[in-house]
Protein chains: 2
Amino acid sequence: MSVKAVVLLSGGLDSSTVLYYAKADGCNCYAMSFDYQQRHRRELDAAKAIARTAGVIDHQVVTFDLTRWGGSALTDDRIDLPQSRSIEQMSRDIPITYVPARNTIFLSFAVAYAEVLEAERIYIGVNALDYSGYPDCRPDYIAAMQEAFRLGTRQGREGKPIEIVAPLIDLKKTEIIQLGNRLGVPWEKTQSCYAGGERACGVCDSCRLRLAAFAELGLDDPIPYDRVV
Amino acid sequence: MSVKAVVLLSGGLDSSTVLYYAKADGCNCYAMSFDYQQRHRRELDAAKAIARTAGVIDHQVVTFDLTRWGGSALTDDRIDLPQSRSIEQMSRDIPITYVPARNTIFLSFAVAYAEVLEAERIYIGVNALDYSGYPDCRPDYIAAMQEAFRLGTRQGREGKPIEIVAPLIDLKKTEIIQLGNRLGVPWEKTQSCYAGGERACGVCDSCRLRLAAFAELGLDDPIPYDRVV
């Protein structure tokens, strides 16, 4: 019997790989994306294209507004995006692109949807190596959310807890790309840039991490960039 | 120095009492309510009136749509509200008015807002005695969410975790009313009914619990009811 899974899909490299990973795991996939008025809402077009290409059963785009209180360069236009930082600079602190409690909100909607679907799993593309500053991307946090979901849901109380699967959590970006290549992820449809322009900027942290990983592997990133430094 | 707190406020009897409790605790209160297309959206008018009366610093009404996937009598019009049930009947199972993962979603938005405000506490009016069927109203669930928030937020990682305060969790409805009376909660502005009509229906589980508690105390509930059985 196949497994029902909710897959959090931003449209970026990591979550697209996770969707293809869940499919390869034998899951019937229900994708979920979020329009939270992020600077890079254009990623939702990528999410829709990838969900369609991967053949998900349903794709929910949940809408709410995190610019109400801001607190991040992704949800407050007055805060500039960091540009042209080295990978070492990115990893040092919690970056200004950290959106307070974003993964907690995403996982909460995912578990609500999973309960109604009676899905067994939630897949999420968090990664603790790159951007090690993000508090809501670490294994201990994911384990704590899983425990809260076990206690706070009907399925959990009935002994069938919903499992949070984070297959990328210990992988380097290069290893994620290698995994995605094996799974046939259509990179040309993905979008990772924080800036939200028509083409990827090439200089935000997200573009730089992605470009550096493709370069390290000697591979071409098939999406167009405004500039590559 | 006074404490900054986010207070989850539905506009009902419990959450209104919690708001006055947080004020009496010496908190600067930031109220937060949710328009999730619930059947009883009218409760938001009550929430606004109470927030104003209590003199909160800010009141966020966060909007999203839980009728997309339904799964509850409060978010799916095709599911009838239970009517005229005895208190014993209500307490037996997880009721159809349980909204999957609702408190998890509410707490997630609260912790996001709290992080941006650098608030120290989140107050929530969950109660484990009445409706003991609700999985997301129990102390072990609240403790698990608190641990997830400690690990998943900037403040938590920096050793200043945001505390979830649930002062009603062990109280009976009659005790909540007694507490609210001491705190001066304006009951006439609160709204507990699930049905969403102009006047409280008097027969849904929420009306019946409320009416039974006022009656047990020999007090009049000052809000108007369509019928009282």
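This report describes a predicted model, taking the relation of its two chains, their contact and the sheet of chain B in turn.

## How the two chains are related

Two copies of a chain are related by a rotation about an axis and a shift along it. Here, a turn of 180° with a shift of 0.0 Å along the axis lays chain B on chain A, with an RMSD of 0.0 Å. The two copies are therefore related as by a two-fold rotation axis. Within chain B, B:Phe64 has the C-alpha nearest the axis, 2.7 Å from it. Both copies use the same surface, since 100% of the contact residues of chain B recur in chain A.

## The contact between the chains

On the side of chain B, 37 residues are in contact with 38 residues of chain A. Strand E3 (58–63), helix H4 (102–117), helix H5 (139–152) and helix H6 (154–157) of chain B each give two or more residues to this side. H4(B) gives the most, with 10 residues. By kind, the residues on this side of chain B are 19 nonpolar, 10 polar and eight charged.

## The sheet of chain B

Strands of a sheet pair through backbone hydrogen bonds, either parallel or antiparallel. In chain B, five strands in the order E3-E2-E1-E4-E5 form an open sheet with parallel pairing. E3 and strand E5 (163–165) of chain B are the edge strands, each pairing on one side only. From one strand to the next, the twist averages 25°.

Strand E2 (residues 27–35) of chain B pairs with E3(B) over six bridges. B:Ala31 has B:His59 in E3(B) as its bridge partner. Helix H2 (residues 43–54) of chain B packs on the sheet and touches E2 and E3 of chain B. H4(B) also packs on the sheet, touching strand E1 (3–8), E2, E3 and strand E4 (121–123) of chain B.

Terms used
Residues are numbered from 1 along each chain as its sequence is written. Chains are lettered from A and ligands numbered from 1 in the order in which they are written. This is a predicted model: local features need pLDDT of at least 70, side-chain atom pairs count only at pLDDT 80 or more; totals for chains, interfaces and linings use all residues. Copies are superposed by least squares on the C-alpha atoms of residues with pLDDT of at least 70 in both. Two residues are in contact if their C-beta atoms, placed from the backbone, lie within 7 Å. Helices (H or I, at least four residues) and strands (E, at least two) are DSSP runs, numbered from the N terminus. Ala, Val, Leu, Ile, Met, Phe, Trp, Tyr, Cys and Pro count as nonpolar, Asp, Glu, Lys and Arg as charged, and the others, Gly among them, as polar. Two strands pair if DSSP finds at least two bridges between them. Axes are lines fitted to C-alpha atoms, for helices over the stretch in contact, and angles run from 0 to 180 degrees between N-to-C directions.
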